[in-house]
Every structure is written in structure tokens, then in C-alpha cells.
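Subject: Structure handover

Dear colleague,

Here is the structure I said I would pass on. My notes follow below it.

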Amino acid sequence: MKNLLWFLFGIAGGFVLAHLMDKDPRGHEILADVDARITEFTDRMGDAYREQEARFSGLVGDVRDAAADAANSARAAASGVVENVSDAVEDAADKLAD
């Protein structure tokens, strides 16, 4: 509990100090520079995130297409096997009937 109180006291002190710095023209300039750097950093991080997201979505699309192609090939192969077995059963039934 004591640590939480010190933490809250530190945050409140930081806000008071920033408010006092903002009143002074030099302090205002420093805070504006810090704000500009933070904004630049967050913009770069956002751009990098969107770039990675686009790259991953492209990879996911490629994998999805490959999986669909594999499923279609397997379906066609299974259909061919079923037709061959069906033909073989019909031929065997015809031979037995003769």
C-alpha cells in the first residue's frame, strides 16, 4: 500500500512539474519537442505495424489458396478412385452374373 501511495505521489508530482514547465516559454518548447518526438515514434510504429499486417495477410492468403488447391486435388483424386472402384464392382458383378 505504501508503494502505491508513493507511485501515485510520483505521478501527481510529474503532472505538476509538467504544468509548471509548460508555463515557461523554454519549458513549453522542450515539451513541444518531446511531444513531436513521441508523435513521430508512434507514427513510425503504426506504419511498421500496418506493413507487417499487410505482409502477413498476403502470406495467409497464399496459404489459404494453396490449401484450397490441395483440397480440390484430393477431392478429384478421391472421386477418381471411387469411380474406378465402382467400375470394378460393376465388372465383377457382371462376371458373376454370366
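How many helices and how many strands does the protein chain have? There are 2 helices and 0 strands. Please keep in mind throughout that this is a predicted model.

Overall form

The radius of gyration of the protein chain is 35 Å, whereas the globule rule gives 13 Å for 98 residues, so the chain is more spread out than a compact globule. Taken along the principal axes, the box filled by the C-alpha atoms is roughly 110 × 35 × 10 Å. Helix α1 covers residues 2-23, and helix α2 covers residues 25-97.

Surface and burial

Of the 98 residues, 3% count as buried. The accessible surface of the protein chain is about 8700 Å². Carbon and sulfur atoms account for 65% of that surface.

Nonpolar patch

Which residues form a nonpolar patch on the surface? They are M1, L4, F7, L8, I11 and F15, and together they have about 720 Å² of accessible area. One of them, L4, sits in helix α1. The relative accessible area of L4 is 46%, so L4 is classed as partly exposed; the cut-off for a patch residue is over 30%.

Charges

The protein chain carries 10 positive and 19 negative charges. The mean positions of these two sets lie 16 Å apart.

Side chains of opposite charge can pair when their charged atoms come close. How many salt bridges does a search of the whole structure find? The search gives 5, and three of these are described here in sequence order.

- D24 and R26 are joined through their side chains, with an N to O distance of 3.6 Å. D24 is partly exposed at 30% relative accessibility, while R26 is exposed, with a relative accessible area of 64%.

- D33 and R37 form a salt bridge in which the closest N and O atoms are 3.5 Å apart. The two residues are 4 apart in helix α2, so about one helical turn separates them. R37 is exposed, with a relative accessible area of 58%; D33 is partly exposed at 39% relative accessibility.

- E51 and R55 meet in a salt bridge with an N to O distance of 3.1 Å. Both lie in helix α2, 4 residues apart, which is about one turn of the helix. E51 counts as partly exposed at 48% relative accessibility, and R55 counts as partly exposed at 44%.

Negative patch

Where the salt bridges above join opposite charges, there is also a surface patch of negative charge, made up of E83, D87, E90, D91 and D94. Is E90, one of its members, buried, exposed or partly exposed? E90 has a relative accessible area of 46%, so E90 falls in the partly exposed class, which runs from 20% to 50%. The place of E90 is in helix α2.

To recap by helix: L4 of the nonpolar patch belongs to helix α1, whereas E90 of the negative patch belongs to helix α2. Helix α2 also holds the pair R37 and D33, as well as the pair E51 and R55.

Regards

Definitions and conventions:
Residues are numbered from 1 along each chain as its sequence is written. This is a predicted model: local features need pLDDT of at least 70, side-chain atom pairs count only at pLDDT 80 or more; totals for chains, interfaces and linings use all residues. Side-chain values use heavy atoms; hydrogens and water are left out. Patches are made of residues with over 30% relative accessible area and no salt bridge: like charges are joined within 9 Å, nonpolar side chains (Val, Leu, Ile, Met, Phe, Trp, Tyr) within 5 Å. Accessible areas come from the Shrake-Rupley method with a 1.4 Å probe; for residues, only the protein chains shown count as cover. A salt bridge is a side-chain nitrogen of Lys or Arg within 4 Å of a carboxyl oxygen of Asp or Glu. Buried means under 20% relative accessible area, exposed over 50%, partly exposed in between (1.4 Å probe, protein chains only). The radius of gyration is taken over C-alpha atoms; the globule rule is 2.2 Å times the number of residues to the power 0.38. Lys and Arg count as positive and Asp and Glu as negative; His and the chain ends are not counted. The place of a charge is taken as NZ of Lys, CZ of Arg, CG of Asp or CD of Glu.
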